[in-house]
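User: I am new to this structure and would like to learn how to read its features. Where should we begin?

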Amino acid sequence: MNTVNGMKRIFPIAILLTASILYIGCTSDNDCRENRYVVMTSNFYTVKNDTVKAVIMDSIWIKGLGNDSILYKNTKSVTSVSLPLQKLKDTTRFVVRFNAIYDTLTLIHTNVQSYLSLECGCLVTHKLDSLRSYTSHHKIKRIKILHDNVSTKKIENLQIYF
Amino acid sequence: MIMSAPRKLKIYKYIFSLLALMLFSQTAICQHTKHKKAPVKKEVKKKAAPKKEEPQPLLRSVTLQADVAAPLLASSGIKTAEASVDVNLRNKWFPVWEFGYASVDHSANEGAQFTTHGIFNRIGVNVNMLKAGDNKSLVQYIFYVGLRLGFSSFNYDINNITLTDPYWKTSQITDIQNIKASARWGEIVAGIRLNVFKNVSVGWSGRLKVGLSTGKGDYSPWYVPGYGIKDGSGWGFTYTVGYTIPIKK
């Protein structure tokens with residue numbers, strides 16, 4: 001009787017293990033769920049009577065220099081823009097138009113590649129060079145790099161002053 | 001209807017065999033062959049003449065097992081083979097050494113390809129949670145829990161890692177080859193083993209793998225031999241067929 005009782009006791013375990021094996025054998029997951037969206041965030045400011053104030057731009061147009069794709073096409077009431085830096089080059093230039101006035105932003109940066117996983121591939125983040133980055137001065141007066149690490153965290157990297 | 005003990009025993013064995021066959025075919029139910037085995041009479045005799053139990057001999061048997069489910073459960077590009085040796089101490093403690101080999105050639109959705117091959121070892125002990133039985137015969141079935149320490153040494157390649165810059169319309173493909181790696185981890189195991197015919201047994205085990213360490217480096221393996229997919233569920237299962245060599249004194 002002991003043998004029968006013993007089998008009775010291990011029987012539910014056998015059922016459970018078999019079901020688990022069959023279930024696990026049919027499941028797989030190949031998708032990347034990591035955030036790989038890296039953009040430089042820039043806010044607009046002006047200085048009046050030695051006081052820094054945020055500025056809302058009536059209309060703004062931005063595209064990458066040498067790139068046909070327009071990032072902001074006469075977008076209204078803009079206080080902040082998110083700009084993608086080049087992942088495979090260390091210099092990124094953007095053409096910025098305010099009504100009919102053009103400026104060119106030149107950002108010098110180093111790119112840091114880090115391997116995430118087989119599904120996600122590599123993430124590229126950037127470190128801005130505050131000394132070598134510059135701008136033309138038609139509408140824009142100056143730029144200031146506030147946080148030089150451009151990553152998946154949305155923080156204010158660049159201040160653009162008018 | 002009241003069934004006799006030998007008949008119940010046969011029915012249970014029949015069901016266990018069906019579960020085993022399900023693992024092979026996943027759908028088919030095949031015919032069962034009868035097993036001749038009736039240790040019940042001995043147990044009845046023993047009850048009739050109870051004696052003061054002598055302590056169990058230390059070394060009872062050695063069992064060799066092969067995991068026959070691993071090749072069947074392998075998903076695309078993963079090939080594994082695994083075997084184990086355990087020693088039966090007093091029908092209670094079962095020190096075990098598991099060893100195997102894995103070879104992987106897997107492509108991710110975005111085109112990156114991971115290949116590896118390597119050996120693995122796990123050492124640990126199982127504890128029989130059921131009554132150890134008398135001191136003359138080997139246990140015919142065990143339900144055990146156990147612990148393992150796993151070790152693996154392997155090389156891997158990651159090819160065709162594509163880095164795309166959609167706005168600036170540039171891309172780069174990187175191949176990383178012959179990365180040497182080693183890994184260690186722990187496992188909590190529960191399972192059963194049942195003697196089905198003479199010294200032949202079948203067994204199931206489920207295990208939770210924890211604390212994987214693959215060391216520091218710029219890259220990490222998608223699959224670790226003996227552990228499985230690095231970012232997977234952490235669960236592992238085995239279905240084994242074994243042969244027990246009794247040790248007589």
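Analyst: Begin with a term: a residue is buried when its relative accessible area is under 20%. The model here is predicted. In it, B:E187 and B:R207 are both buried.

User: What do the side chains of B:E187 and B:R207 form?

Analyst: They form a salt bridge, with the closest N and O atoms 2.8 Å apart. B:E187 lies in strand β6 of chain B and B:R207 in strand β7, so the pair ties together parts that are 20 residues apart in sequence.

User: How many salt bridges are found over all chains?

Analyst: The search of the whole structure finds nine. One of them joins B:E98 and B:R122 at 2.9 Å, N to O, and both of these residues are buried. B:E98, B:R122, B:E187 and B:R207 are among the residues linked in a network of salt bridges.

User: Which charged side chain is nearest to B:D67 with the opposite charge?

Analyst: That is B:R122, 7.0 Å away; B:D67 is buried and has no salt bridge. The side chain of B:D67, a residue of strand β1 of chain B, reaches the backbone nitrogen of B:A69 at 3.0 Å.

User: How is empty space found?

Analyst: Rolling a probe the size of a water molecule over the atoms shows where empty space is left. Here the search finds two cavities of 30 Å³ or more, and the largest has a volume of about 160 Å³.

User: Which residues lie nearest the centre of the largest cavity?

Analyst: They are B:Q65, B:S84, B:E98, B:T238 and B:T240, out of 20 lining residues. By class, the lining has six nonpolar, seven polar and seven charged residues.

Technical notes:
Residues are numbered from 1 along each chain as its sequence is written. Chains are lettered from A and ligands numbered from 1 in the order in which they are written. This is a predicted model: local features need pLDDT of at least 70, side-chain atom pairs count only at pLDDT 80 or more; totals for chains, interfaces and linings use all residues. Side-chain values use heavy atoms; hydrogens and water are left out. On a 1 Å grid over the protein atoms alone, a cavity is a set of points where a 1.4 Å probe fits but cannot get out, and a pocket is an open set with protein on both sides within 12 Å along at least five of seven lines; lining residues have an atom within 4 Å of a point. Grid points are joined across faces, edges and corners, and a volume is the space filled by probe spheres set on the points. Ala, Val, Leu, Ile, Met, Phe, Trp, Tyr, Cys and Pro count as nonpolar, Asp, Glu, Lys and Arg as charged, and the others, Gly among them, as polar. Helices (H or I, at least four residues) and strands (E, at least two) are DSSP runs, numbered from the N terminus. Buried means under 20% relative accessible area, exposed over 50%, partly exposed in between (1.4 Å probe, protein chains only). Lys and Arg count as positive and Asp and Glu as negative; His and the chain ends are not counted. A salt bridge is a side-chain nitrogen of Lys or Arg within 4 Å of a carboxyl oxygen of Asp or Glu. A polar contact is a pair of N or O atoms within 3.5 Å; within protein, one must be able to donate a hydrogen and the other to accept it, and residues adjacent in sequence count only if both atoms are side-chain atoms.
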